[in-house]
Structures are given as C-alpha cells and as structure tokens.
Amino acid sequence: MSLDLTRPSSMISRAITAENFRGVKAGGGRATDGFSQRAASRLGVGWKVSPCVEIAPSETFEVAEIEGPGLIQHLWFTCHYSLWRSLMLRIHWDGEQIPAVEVPLGDFFCNGWEVFSQVSSTQIAANPHGGFNSYWQMPFHRSARITIENLSSVPANLYYQVDYALGEIPADSLYFHAQWNRSNPVPDGIHPLLPRVEGTGRYVGAYLAWQSNSPGWWGEGEVKIYLDGDEEYPTICGTGTEDYFGGAWNFDIPSRGYTEFTTPYLGLNQVLKPDGLYQSQQRFGMYRWHVVDSIGFNQDLRIEIQALGIGPGQGNGLPHRYRKLKDDIASTAVFYLDRPAVSAHERPQVPDLLTLEVQ
C-alpha cells in the first residue's frame, strides 16, 4: 500500500498523543491538566501540558481507539529502559478480542534486553535513547485498538504518538500481526519462532533476543519455514543462524570478535558481553525483514529455529561436533494475515513466557 508522494491523497491524516487522546481534528495542544501541568503553569494551554501518561502497576492503558477504515502509518513510543520488557504492547483489529499484536514493547522495537541498541532499518528505527519508531503499515477495515499493559511493580511514564490516515483501503488488505514467543531454556534444541497459524498471508520477518548459556559458538542452527501443509520437512530451510540474519562466519571479524551491524533489512544490532560481576552469558539482538522478499502462504505457516552450537569432538578424531543448546531465545515474528486474529490455540500465553525461569 505504497503512497505516491507526487499525487493528491484521498486519506485524512490524524495523530493520537497524550495531548490529543482521540486524534480529533484541531484537538491537539488543548490539554489543561497532565504530567507537565506544573512545569507549564506559567505558560498556559498549548505549552506541553500533557506530553505523556503514567500507567500504574498492573494497569492497562488505552493508547488509541480508532474507527475505520484506515491505516496506521507510524508508531512512536518511549519510556524508561528498565520497563522495555515489562510493558506489553497489544493491537486489536476490527473489534477482535484476541490481539493481532502481543509483544513486549522493547522486543517489538528490536530492543529486548532493556539495554539500548541503535536500529537503522526500513521498518523499525530505534534511536538514542529509546526513541522507538515503527513504519509497518497496518490497515484496518472497521477499527483499531492499541493498549499498553504495565506488568511491572512500578509506575511507567509512557510517551507516544500514533500517526494514521482515515479512508478507504482495498477490501483484500491483509492484517498486520506480531507474535512473541520465548523458550527459556530451549527444549531439545528447537525454538518455535512462530507456532502454526492458519490462513493466507505473508511472513515478513523476525527479531530474536538470544542469550547463549553455553561456551562456544551458538549459531549453527537452521531456520525452517513450513508452508501450506508441510509436516516433517520444511519447504524453506536456511544454512545457519548468522546466515539467515545476513552475516557469515559467526559474525566474527578476526581480531574484533562479534561485530554489530544494522542495515535496511537485516542486522545483528546488539552484542552484550558478560561484565565479570552481575551480567553473565553473552546476549544478542538480531533482525531480518522480508520486505522485498516476503514469503507467501495460502494455507498455514509454521517457523522453527534450531539452537545448535559447536562442541569439542570428544575423542572421536573430529575437531568439533554439533550439539543442541539450552539457550534463552525470545522471538518476535511479524506477518500479514487474511484475518484480524488467530485462534486462541495458535497463540502463546505471553504472561507465562515472561515469568519463565531456567530450572
């Protein structure tokens, strides 16, 4: 649904912020009370009275409620970095009770470790210090609802803007979905990057927050994409984790080690090393967007990634052997689907995944 900038638009532009909760025309900058009321008291209305909202622990805040048809074009959020995995982003389409998007805020913006990482991609831009931007196009026919739930034990100050356009969209437009799933530890070397979903759509990418719990190289695992009835064997199978995310040879530049990179469609945007005190295990963040190479499916889709490392040869004459790993992997799979929600049995139970601890 590209926009020709040289042609007049039939869509009506709107934006929702803490200064205009409903995105109404000429409704911005009218707040008389809010988070910065005291700071703006001598300046009056129109001078940043309500730049953000405070979300209490266990509270769900309605960021946006939009009557369609329309198209969400851009999302911007920021909050304190210690809350990036404690604030749950949910998006509902056309009145559905099951959210199409259910992802911790940081993971949605490729920052799953509550430590800032620059991301310079076409779809997600994460800028200093925690300016989170999404440019995924999100069409809807009747309504869109965006909420943030505070799963932490402290209040959260949330700054946000939802930029959208109202107007007719093609009847066959697919709905945007993002599904978060975590394995901690990975069972039997297989992480379900995306449990099976049914319908017609396009798989358009993923972000992984990966913690290595074993010494040695961790990224030999293949990404397997099962399409339209595939069972034991996938139609699309890669050659290794770093290969799928656009790198090679362990992301390792000799004498430099793991080397971060962020490009329009893929990257290893984060490498966090143990600090020798409280921070153990190496942690990584990586993304791959299938924007110009989307993967279509007509019946169903399922995606797995192997947690496969390299271990010593164990006296068998080989320099090394593959070994299954028990790492901590959290994935955010992004796809478009011909329905506004997946069925309940296709949806991971996110609160349980957040609290899961290594046994």
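Mentor: Strands (E, at least two residues) and helices (H or I, at least four) are DSSP runs, numbered from the N terminus. With that in hand, tryptophan 217 can be placed in the loop between strand 15 (201–212) and strand 16.

Trainee: Before we go on, what kind of model is this?

Mentor: It is a predicted model, in which local features need pLDDT of at least 70 and side-chain atom pairs count only at pLDDT 80 or more, while totals for chains, interfaces and linings use all residues. Residues are numbered from 1 along each chain as its sequence is written, and side-chain values use heavy atoms, with hydrogens and water left out.

Trainee: Is tryptophan 217 buried or exposed?

Mentor: Such labels rest on relative accessible area (buried is under 20%, exposed is over 50%, partly exposed is in between; 1.4 Å probe, protein chains only). Tryptophan 217 has 8% relative accessibility, so it counts as buried.

Trainee: Which residues does tryptophan 217 touch?

Mentor: A contact means heavy atoms within 4.5 Å. Setting aside residues up to four places away in sequence, tryptophan 217 touches Glu242, Asn250, Phe251, Tyr258, Gly309 and Ile310. Leucine 308 is 91 residues from tryptophan 217 in sequence, yet their C-alpha atoms are 8.6 Å apart.

Trainee: With which side chain does tryptophan 217 make a polar contact?

Mentor: A polar contact is a pair of N or O atoms within 3.5 Å; within protein, one must be able to donate a hydrogen and the other to accept it, and residues adjacent in sequence count only if both atoms are side-chain atoms. For tryptophan 217, the partner is the side chain of glutamate 220, at 2.8 Å.

Trainee: Let us try another loop. Where is glutamine 279 found?

Mentor: Look between strand 21 (266–272) and strand 22. At 38% relative accessibility, glutamine 279 counts as partly exposed. The side chain of glutamine 279 joins that of arginine 283 in a polar contact of 2.9 Å. For a sense of scale, the C-alpha atoms of glutamine 279 and asparagine 20 are separated by 41 Å, with these positions 259 residues apart along the chain.

Trainee: And is valine 292 buried or exposed?

Mentor: Valine 292 is exposed, because its relative accessible area is 67%. This residue sits in the loop between strand 22 (282–289) and strand 23 (295–297).

Trainee: Now for sheets. In what order do the four strands of the open sheet come?

Mentor: Two strands pair if DSSP finds at least two bridges between them. Here the order is 14-24-16-17, with antiparallel pairing. At the edges are strand 14 (190–198) and strand 17 (236–237), each pairing on one side only. Inside the sheet, strand 16 (residues 223–227) and strand 24 (residues 300–306) run antiparallel and are joined by five bridges. If you want one pair to display, leucine 227 has leucine 301 in strand 24 as its bridge partner.

Trainee: What does serine 143 reach with its side chain?

Mentor: The side chain of serine 143 reaches the backbone nitrogen of glycine 95 at 3.2 Å. Serine 143 lies in strand 11 (residues 143–150) and is buried, with a relative accessible area of 10%. Leaving aside neighbours within four places in sequence, its contacts include Ile66, His92, Trp93 and Gly95.

Trainee: Which residues does glutamate 149 touch?

Mentor: Glutamate 149, also in strand 11, touches Glu59, Thr60, Ser86, Leu87, Met88 and Arg90, not counting residues up to four places away in sequence. Its side chain makes a polar contact of 2.7 Å with that of arginine 90. Glutamate 149 is buried, at 18% relative accessible area.

Trainee: How many salt bridges are there?

Mentor: The rule asks for a side-chain nitrogen of Lys or Arg within 4 Å of a carboxyl oxygen of Asp or Glu, and the count comes to 15. In one of them, the closest N and O atoms of glutamate 65 and arginine 145 are 3.6 Å apart. That pair links distant parts of the chain, with glutamate 65 in strand 3 (residues 60–67) and arginine 145 in strand 11, 80 residues apart. Glutamate 65, at 26% relative accessibility, counts as partly exposed, and arginine 145 does too, at 32%. Arg22, Glu62, Glu65 and Arg145 are linked in a network of salt bridges.

Trainee: Are aspartate 328 and arginine 182 buried or exposed?

Mentor: Both are buried. Their side chains meet in a salt bridge of 2.9 Å, N to O. Aspartate 328 lies in strand 27 (residues 328–337) and arginine 182 in strand 13 (residues 175–183), so the pair ties together parts 146 residues apart in sequence.
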